[in-house]
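Student: I would like a close look at one single part of this model, please. Take me through it slowly, and then show me how it sits in the whole.

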Amino acid sequence: MGLVRALLTLPVKGPVQSGLWVARKVHETAEVEFNDPAALRKMLVSLEQQLLNGDISEAAYDKAETEILMRLRGLR
């Protein structure tokens, strides 16, 4: 009976399960990229360059720098 039920519900469950699998994979990939130390270091360099160019204020720089450094420390 389990096989028959699985075959009968496949047209409905198949796309739903596939969509959930894709969503999980996208989430995993985004989390890895969000916590990549090399990407965080590049963000710090970019942030410093924005400060030097006058694109952001000292307060905005301090806040963003603190957030990035906290993320980096959380990885260790």
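**A close look at one helix**

Tutor: Let's start with the outward-looking residues: on the other side of H2 from its buried ones, Lys42, Val45 and Leu52 are exposed. Here, exposed means over 50% relative accessible area, buried means under 20%, and partly exposed is in between, using a 1.4 Å probe and protein chains only.

Before going further, a word on what you are looking at. This is a predicted model, in which local features need pLDDT of at least 70, side-chain atom pairs count only at pLDDT 80 or more, and totals for chains, interfaces and linings use all residues. Residues are numbered from 1 along each chain as its sequence is written, and side-chain values use heavy atoms, leaving out hydrogens and water.

Back to our helix. H2 covers residues 37–53 and has the highest mean confidence in the protein chain, 94, while H1 has the lowest, 86. That confidence is pLDDT, the predictor's own score for each residue, from 0 to 100. The protein chain averages 89, and 97% of the residues score at least 70.

With 17 residues, H2 reaches 24 Å from its first C-alpha to its last, close to the 24 Å expected at 1.5 Å a residue. The expected span is 1.5 Å times one less than the number of residues. Helices themselves are DSSP runs (H or I, at least four residues), as strands are (E, at least two), numbered from the N terminus. Just after H2, Gly54 takes a positive phi of about 85°.

Now turn the helix around. Leu40, Leu44 and Leu47 are the residues to find, since they are buried in H2. Looking down the axis of H2, its buried residues fall within an arc of 65°, so they line one face of the helix. The arc is that of the directions from the helix axis to the C-beta atoms.

What do these leucines join? Leu40, Leu44 and Leu47 belong to the largest nonpolar core, whose six residues also include Tyr61, Ile68 and Leu72. H2 and helix H3 (58–75) each supply at least two residues of this core. A nonpolar core is a set of buried Ala, Val, Leu, Ile, Met, Phe, Trp, Tyr and Cys residues joined through side-chain atoms within 4.5 Å. Zoom in on Leu72: leaving aside residues up to four places away in sequence, Leu72 touches Pro37, Leu40 and Leu44, where contact means heavy atoms within 4.5 Å.

Finally, step back to the whole. The protein chain has three helices and zero strands. Its radius of gyration is 22 Å, well over the 11 Å that the globule rule gives for 76 residues, so the chain is more spread out than a compact globule. That radius is taken over C-alpha atoms, and the rule is 2.2 Å times the number of residues to the power 0.38. The C-alpha atoms fill a box of roughly 70 × 25 × 20 Å along the principal axes, and buried residues make up 9% of the 76 residues.

You can see this spread from H2 as well: the C-alpha atoms of Ser46 and Leu3, 43 residues apart along the chain, are separated by 56 Å. Leu3 is found in H1 and counts as exposed, at 64% relative accessibility. Leu8 also lies in H1, which spans residues 2–34, and Leu8 is exposed at 66%.
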